[in-house]
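Let's take a walk through this one together, going from the overall build down to single side-chain pairs. Have the viewer open and follow along.

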Amino acid sequence: MSDSNLKALHEAAEKALEVFRLTPENTEFYKTEGGLLAAKINGEEIPYVNIICCFPLNDPERFLSVRLPDGKQEELGMIESLGDFDEATVTLLKEQLRLRYYMPKITYIQSVKEEYGYTYWTVDTDCGKAKFASSSGSAGAVIRHGKGVIIKDSNENRYLLEDLSKLTPKELKRLDLYL
């Protein structure tokens with residue numbers, strides 16, 4: 001392959017990998033009458049878009065992929081940081097992210113019991129009392145996350161326990177086998 005062909009191939013690859021950055025200058029987000037998130041990107045109206053976090057657990061307000069809701073989930077562009085947008089847009093996008101990544105926060109562990117290959121949890125959350133089961137011994141049922149853990153139930157729902165150091169000794173004892 002000649003040097004000019006190699007250079008053209010390299011440039012084509014770089015262009016294919018290039019990410020279109022969505023900024024307040026080229027993108028406007030708004031809610032439709034039906035409550036869906038829509039966008040205007042470079043003047044083109046897009047009636048419905050999805051927002052997906054590239055790093056939902058460790059950086060939920062940066063690197064947000066804006067995609068078409070079709071089966072292919074074609075990416076329209078990337079928001080590098082929510083902080084680049086005005087307060088109203090940030091509020092709208094955070095609302096959409098909360099809907100997609102809903103994760104109740106555990107405020108108190110009432111009981112944890114293991115039986116028949118499942119772990120049965122009774123907890124208080126910021127949304128009220130919850131009872132759920134997770135697979136005992138299943139890798140990934142209790143995942144370390146910063147100072148806390150994420151507990152995944154048998155239906156793939158997630159519950160966040162933000163800070164293990166804030167648990168009472170009694171709660172820690174209930175959780176000890178699963179850490």
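Below we start with the whole chain, move on to one sheet, and finish with the salt bridges.

First things first: what you're looking at is a predicted model. The chain has three helices and twelve strands, spread over 179 residues. How does its radius of gyration sit against that of a compact globule? A compact globule of 179 residues would come out near 16 Å, but this chain has 22 Å. If you'd like that as a box, the C-alpha atoms fill roughly 65 × 50 × 30 Å along the principal axes.

A few more whole-chain numbers help set the scene. Buried residues make up 34% of the chain, where buried means under 20% relative accessible area. The accessible surface adds up to about 11600 Å², and carbon and sulfur atoms own 51% of that. As for contacts, take those with a separation of 6 or more: 31% of them are between residues 24 or more positions apart.

Now zoom in on a sheet. Strands S7, S8 and S9 form an open sheet of three strands, in that order, with antiparallel pairing. Which strands stand at the edges? Those are S7 and S9; each has a single partner strand, so one side of each is left without a neighbour in the sheet. On average, neighbouring strands here are turned by 20 degrees against each other, if you ignore direction.

The S8 and S9 pair is a good place to linger. S8 covers residues 118-125 and S9 covers residues 128-135; the two run antiparallel and are joined by eight bridges. A hairpin of two residues takes the chain from S8 to S9. To check the register by eye, find Trp121, whose bridge partner in S9 is Phe132. Then find Thr119, which stands opposite Ser134 in S9.

On to the charged side chains. How many salt bridges does the structure hold? The count is six, and we'll visit some of them here.

Start with Lys31 and Glu95, whose side chains meet in a salt bridge at 2.5 Å, N to O. This pair links distant parts of the chain: Lys31 belongs to strand S1 (residues 27-31), Glu95 belongs to helix H2 (residues 87-100), and their positions lie 64 residues apart in the numbering. Are the partners buried or exposed? Neither label fits: Lys31 is partly exposed, with a relative accessible area of 40%, and Glu95 is also partly exposed, at 28%.

Next comes Glu162 with Lys105, a salt bridge at 3.7 Å, N to O. Here too, distant parts of the chain are linked, with the two residues 57 residues apart. Glu162 is in the loop between strand S12 (158-161) and helix H3 (169-175), while Lys105 is in the loop between H2 and strand S7 (106-115). That brings us back to S7, one of the edge strands of the sheet we looked at earlier. Glu162 has a relative accessible area of 47%, which makes it partly exposed, and Lys105 is partly exposed as well, with 34%.

Our last stop is Lys152 and Glu156, whose side chains meet in a salt bridge at 3.8 Å, N to O. Glu156 is partly exposed, with a relative accessible area of 47%.

Definitions and conventions. Residues numbered from 1 in each chain as written. Predicted model: local features only at pLDDT ≥ 70, side-chain atom pairs only at ≥ 80, totals over all residues. Heavy atoms only, no water. Salt bridge = Lys/Arg side-chain N within 4 Å of Asp/Glu carboxyl O. Helix = DSSP H or I, 4+ residues; strand = E, 2+ residues; numbered from the N terminus. Buried < 20%, exposed > 50% of the residue type's maximum accessible area, 1.4 Å probe, protein only. Pairing = 2+ DSSP bridges. Axes fitted to C-alpha atoms, helices over the stretch in contact; angles between N-to-C directions. Rg over C-alpha atoms; globule rule 2.2 N^0.38 Å. Contact = heavy atoms within 4.5 Å. Areas by Shrake-Rupley, 256 points an atom, 1.4 Å probe, with all protein chains shown as cover.
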